[in-house]
Amino acid sequence: MSLEEREEVKFLVDLVNIYSPSGREAKIAKYLYERMESDFEFDDVKLDDVGNVVGVYRGKRPSVLLCGHMDTVPGRLPVRVEGKYLLGRGSVDAKGSLAAMILAAHELKRSGYEGEIIVAAVVDEEGRGSGAKHLARSGLSVDYALLGEPSGIGQITVGYKGRVQLRINVETEGFHASSPWLGKSALMHSLDIIARIREYVEKEGGSSPFDSLTMCVTLMQAGVATNVAPPNCAFTLDIRVPPRLRSYRVVNDILSIVKGYVDSTEHGVDVQVVPEEITEAFLVDKANPLVSALSAAIHKVTGRSAQLVRKTGTGDMNILGFSLSIPAATYGPGDPKLSHTNHERLDLEEYLQSIEVMKEALEILYRRHAPSD
């Protein structure tokens, strides 16, 4: 049987064929709800208030949450199988991980596995994490949480940086572009504010990209006409925060920097800072039982030792890891460097192996947990 003919691959191809950028997950949610209720025979499946699909296989402790996201970044890509690779938006980030979780849970239950498994397919991971936040507030009670993101077959993600997204609006008096001595435009004020914040970010230092505070200006709008000094400017900052700092502290520091600038300028200016997202960094205890079980499973399935990695991005583990306060880890097939690119392609052999790794990891957790019950 060719890779393309395998049911596991057909399921993943179906998911990737459903275009589901953040905010447009309804179609894929309906597909998953129906498949999880019928073909995959979950004991209970529900579609919650924000659009997450949550399926439960009831059983004994330990209860394990397998959580992947349905949404992708925007931008359609042709979906096709080329040799051993599946190409298409979301194949890597992160429908491969989500499909592997659903299939691993189903195959375990079909084989007689007695532990409880909850599979959550959440919305808006690429946005503001509203799906994971809703799940965290739902009163969910589990012993372990495995999050699905591309790590590569032999790697386990144990850390993510925090994220601060700020929208800064600057307003001042406009004037004719031929008379720049009359004042200072909102755009020039904005550039000065950005320079001060950048100076603060650079002073925080850091021994590695993961340990460093970083900043990127991602959006900027300014101006009303080609011959008028801009009376308004709005820009967005994406700031990534290492575990040694708290995101809320960074926000307060930036508020102080902006206030200091406004107080010191000779030109009248009004500045409003709007925090649009504040997510704390999350670093897993490497000795936690889930990391240990995944490491053992990777070695058994692949014959190689697992590598523990820390990422400079942010994921749903930040939200659920803090909220649930249980052993957590992130794992899934695919090269994370291909995420958010137009070159997404997933190695289907790796995808199939990841299903085996997840099954083995849950078996190990169950065997280790059972004697204490």
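Which residues of strand 17 (residues 328-331) are buried on one side, and which on the other? In this predicted model, Ala 328 and Thr 330 lie on one side of the strand and Ala 329 and Tyr 331 on the other, and all are buried, leaving both faces of strand 17 covered. In a regular strand, side chains alternate between the two faces of the sheet. Strand 17 runs parallel to strand 7 (residues 144-148), to which four bridges join it. Within this pairing, Tyr 331 of strand 17 is the bridge partner of Gly 148.

A further buried position is Asn 52, located in the loop that links strand 1 (44-47) with strand 2 (53-57). Asn 52 has a relative accessibility of 0% and therefore counts as buried, the threshold being under 20% relative accessible area. When neighbours within four places in sequence are left aside, the residues in contact with Asn 52 are Lys 46, Leu 47, Met 70, Ala 121, Val 122, Val 123, Gly 131, His 134 and Leu 135. With one of these, Gly 131, the side chain of Asn 52 forms a polar contact, reaching the backbone oxygen at 3.0 Å. Between the C-alpha atoms of Asn 52 and Ala 281 the separation is 24 Å, the two residues being 229 residues apart along the chain.

At the surface, Met 188, Leu 191 and Met 220 make a nonpolar patch of about 250 Å². Met 220 belongs to strand 11 (residues 214-222). The relative accessible area of Met 220 is 35%, so this residue is classed as partly exposed, between the limits of 20% and 50%.

Conventions
Residues are numbered from 1 along each chain as its sequence is written. This is a predicted model: local features need pLDDT of at least 70, side-chain atom pairs count only at pLDDT 80 or more; totals for chains, interfaces and linings use all residues. Side-chain values use heavy atoms; hydrogens and water are left out. Patches are made of residues with over 30% relative accessible area and no salt bridge: like charges are joined within 9 Å, nonpolar side chains (Val, Leu, Ile, Met, Phe, Trp, Tyr) within 5 Å. Accessible areas come from the Shrake-Rupley method with a 1.4 Å probe; for residues, only the protein chains shown count as cover. A salt bridge is a side-chain nitrogen of Lys or Arg within 4 Å of a carboxyl oxygen of Asp or Glu. Helices (H or I, at least four residues) and strands (E, at least two) are DSSP runs, numbered from the N terminus. Buried means under 20% relative accessible area, exposed over 50%, partly exposed in between (1.4 Å probe, protein chains only). Contact means heavy atoms within 4.5 Å. A polar contact is a pair of N or O atoms within 3.5 Å; within protein, one must be able to donate a hydrogen and the other to accept it, and residues adjacent in sequence count only if both atoms are side-chain atoms. Two strands pair if DSSP finds at least two bridges between them.
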